[in-house]
Every structure is written in structure tokens, then in C-alpha cells.
Amino acid sequence: MLRNKQIGFVGSGNMGEALIHGLLHGHLCRPEQILCSDVRPERLKTIREKYGVRGTSHNSEVVKQSDIVILAVKPQIMKQVIEEVAKHLDLTKLIISIAAGVPLDAIESCARKELKLIRVMSNICVSVREGVSAIAGGRHASKEDLMMAKTIFDSVGKSILIEEYLLDAVTGLSGSGPAYIFLIIDALADAGVKVGLSRDDALIMASQTVLGAAKMLIETGEHPGKLKDMVTSPGGTAIAGLHTLEQGGLRTTLINAVEVATERSKALGEMMKNNLANEKP
Ligand SMILES: NC(=O)c1ccc[n+]([C@@H]2O[C@H](COP(=O)([O-])OP(=O)(O)OC[C@H]3O[C@@H](n4cnc5c(N)ncnc54)[C@H](OP(=O)(O)O)[C@@H]3O)[C@@H](O)[C@H]2O)c1
């Protein structure tokens, strides 16, 4: 699907590199098909040397030479970047923005033209090819464009197609989710230390338990409640621990956390939209 496409990255930081790695690792394209830009020459040098891709300090070159342009700069830089490359953008190119909180219509209004746009919300776990990405198509994105985006983001984990209005919820759950799980693992490791394990052993046990439980859930396709029931024996240890977690309100706390992060994402998105609109000359 990507064999004959030139793929450009505007911004070659953490996310850009993770995607380049995923594409090449999955043999979805050849290094010569990738052209990336960045403001930092040393960053470009690293990416070029590590992956054999081409690099340039000119964002416009990337846009000019690419069929698929991935905008991978920080949200606050997006306006500047879109205005810089706008004259080379047109409906023949697929533009994929991964900038958190930047709506599709804000990108079009910044470019002052209609574009074939896709917006994606991923998470940091793309760096170990276990991310989850939610993909929302703009009005000119075809089914084939969405499938192309899916191919790209599946190379760094799993991806799902979604409506744009749900991306705040995605940010609240899987976008911010790694932070919640890091906290849970840290807390479990503390607990292990409290009951006498070494810090190192406790951390391995806590993180491998989270990984194993997630893998088991995904591989069996079972409902988590069923697997929970399977590992709780009458009068046993797991049910005693679960009772304490329910008493402490873990389930409600997690629901509240996702809800509040979703609201925060909406508020930040509104601020971003206003900034992009207000700053227009
Ligand atoms: N990291 C995540 O977990 C995550 C998750 C979901 C979505 N995202 C989104 O992904 C996007 C990229 O995030 P990231 O973590 O990869 O950021 P990053 O590591 O800071 O990468 C962005 C790169 O773009 C460079 N840059 C700055 N201004 C530029 C310009 N005008 N033209 C070209 N390149 C420029 C940056 O250089 P400087 O460092 O010198 O500014 C940096 O090397 C963001 O919009 C973010 O919202 C990130």
C-alpha cells in the first residue's frame, strides 16, 4: 500500500522517529521513500545515520516531495509550520497530523484551503511499537487514505478508526493512560517493598504482571471480569486484595481520572482553536 509513496515527516522528534522505525521495521517502505525535516541539524543527522532515510532542514521540501506528509511537531508550532508550507499543500497530498488537540478545521483554516486531512491521537508506547492510535478522517480523506494511515500506525502498535469528536476521550484514556499505568506499577512496586521484596524484584514483578495480564486479555479475547473471576479462589488472597481495592475506590478513581483528563483535553483544544483563529493576520 505504501510501496509507491513518498512519505514525509515534518518534525523528527520522538514521535517522528518512532513512526520511521515502525515503518522500516515492518518493511512497509524503504528508507529512500522517507524524507524528514527538523529545525535541529543534529537531530536530522542522528535520524539519517540510524535509519538511512533522507533529511532536510526545509519543511517545504518535505511537503513538495511527499505524497503523505506527517506533521509531527508540537501543537504550539503547528500554526507556524502550516503557514510556512501552505503553498505546497493541495488535495493530491494526504496530510496526517499527530499534534495533540489541534482540530482538523483549524489546520484547514490556517492553510486557507481545503485539504485531505487525517488527525491521529497516539500515545508514547509507539516508541516500543505497542502504542494505540485513534485515527479520524477529515471530509476529503477517502477510505483508502484511512487505510493508508492505519497501515502506518499499525506499524507501531494498534490503531482504530474513530470520529474526530471522540479524540478528547481518546486523549483521556489511551493518550494519558501510560501515565496512569506507570503510577500503578510504581505503587505496586512500593507495595512489594513494603511486604519485604527488593525494589528491583518488586518493579520487575509489578511491570511484568501488568504486561502479562494485558497480553492474556488481548490473546484470549475474554472479558476482564471473567479473567478476574478465574484468578480469585474462594477465601483466597486475590479476592482479599480486590476487596481492599474496591473499598479504596480504585474503579471510581480511574473512571474519574479518564473523565477529568477528557475534559482537560477539550479545554486545551478550545484554547488551541482560539489561538489559531485569533492569531490569523
Ligand atoms: N510524545 C508523545 O507521547 C505524544 C503522544 C501523542 C501525540 N504526540 C504529538 O506528537 C507531536 C510530536 O511530539 P514529539 O513528542 O515527537 O515532539 P518532539 O520530540 O519535540 O519532536 C518535534 C521535533 O520537531 C522539531 N521542530 C520544532 N520546530 C520545528 C519546525 N518549525 N519545523 C520542523 N521541526 C521543528 C523539534 O525541535 P525542538 O526540540 O528544537 O523544538 C523536535 O525535534 C506533538 O504534536 C504531540 O502533541 C506526542
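**Reading a predicted model**

Q: Why is Cys 36 called buried?
A: Its relative accessible area is 0%. Buried means under 20%. Cys 36 falls under that limit, so it counts as buried. The model itself is predicted.

Q: What makes Cys 29 buried or exposed?
A: Its relative accessible area decides this. The value for Cys 29 is 5%. The limit for buried is under 20%. Cys 29 is therefore buried.

Q: How many disulfides does the structure hold?
A: Zero.

Q: How do you know that Cys 29 is in no disulfide?
A: Look at the nearest cysteine sulfur. For Cys 29 that is the sulfur of Cys 36, 11 Å away. A disulfide needs two cysteine sulfur atoms within 2.5 Å. The separation of 11 Å does not meet that limit, so Cys 29 is in no disulfide. The reverse view agrees: for Cys 36, the nearest cysteine sulfur is that of Cys 29, and Cys 36 is in no disulfide.

Q: Why is His 27 called exposed?
A: Its relative accessible area is 60%. Exposed means over 50%. His 27 passes that limit, so the word applies. The residue lies in the loop between helix 1 (14-25) and strand 2 (34-37).

Q: What makes the phi of His 27 worth a remark?
A: The angle is near 55°, a positive value in a residue other than glycine. Most residues other than glycine have a negative phi.

Q: Why is Arg 112 called exposed?
A: Its relative accessible area is 57%. The limit is over 50%, so Arg 112 is exposed. Arg 112 sits in the loop between helix 5 (104-111) and strand 6 (116-121). Its phi is near 60°, a positive value in a residue other than glycine.

Q: Which residues have the most contacts inside the largest nonpolar core?
A: They are Phe 9, Ile 20, Ile 68, Ile 70, Ile 96, Ile 118 and Ile 152. The core has 32 residues. Elements giving two or more residues to this core include strand 1 (7-10), helix 2 (41-51) and helix 6 (143-154). A second, separate core has 25 residues, among them Val 10, Val 62, Val 81 and Leu 104.

Q: What is Ile 152 in contact with, leaving aside its neighbours within four places in sequence?
A: Its partners are Leu 2, Leu 19, Leu 23, Ile 68, Ile 70 and Ile 96.

Q: How is the protein divided into domains?
A: Domain 1 covers 7-167, and domain 2 covers 175-261. Their centres, taken over C-alpha atoms, are separated by 34 Å.

Definitions and conventions:
Residues are numbered from 1 along each chain as its sequence is written. This is a predicted model: local features need pLDDT of at least 70, side-chain atom pairs count only at pLDDT 80 or more; totals for chains, interfaces and linings use all residues. Side-chain values use heavy atoms; hydrogens and water are left out. Helices (H or I, at least four residues) and strands (E, at least two) are DSSP runs, numbered from the N terminus. Buried means under 20% relative accessible area, exposed over 50%, partly exposed in between (1.4 Å probe, protein chains only). Domain bounds come from an automatic or database domain assignment. A nonpolar core is a set of buried Ala, Val, Leu, Ile, Met, Phe, Trp, Tyr and Cys residues joined through side-chain atoms within 4.5 Å. Contact means heavy atoms within 4.5 Å.
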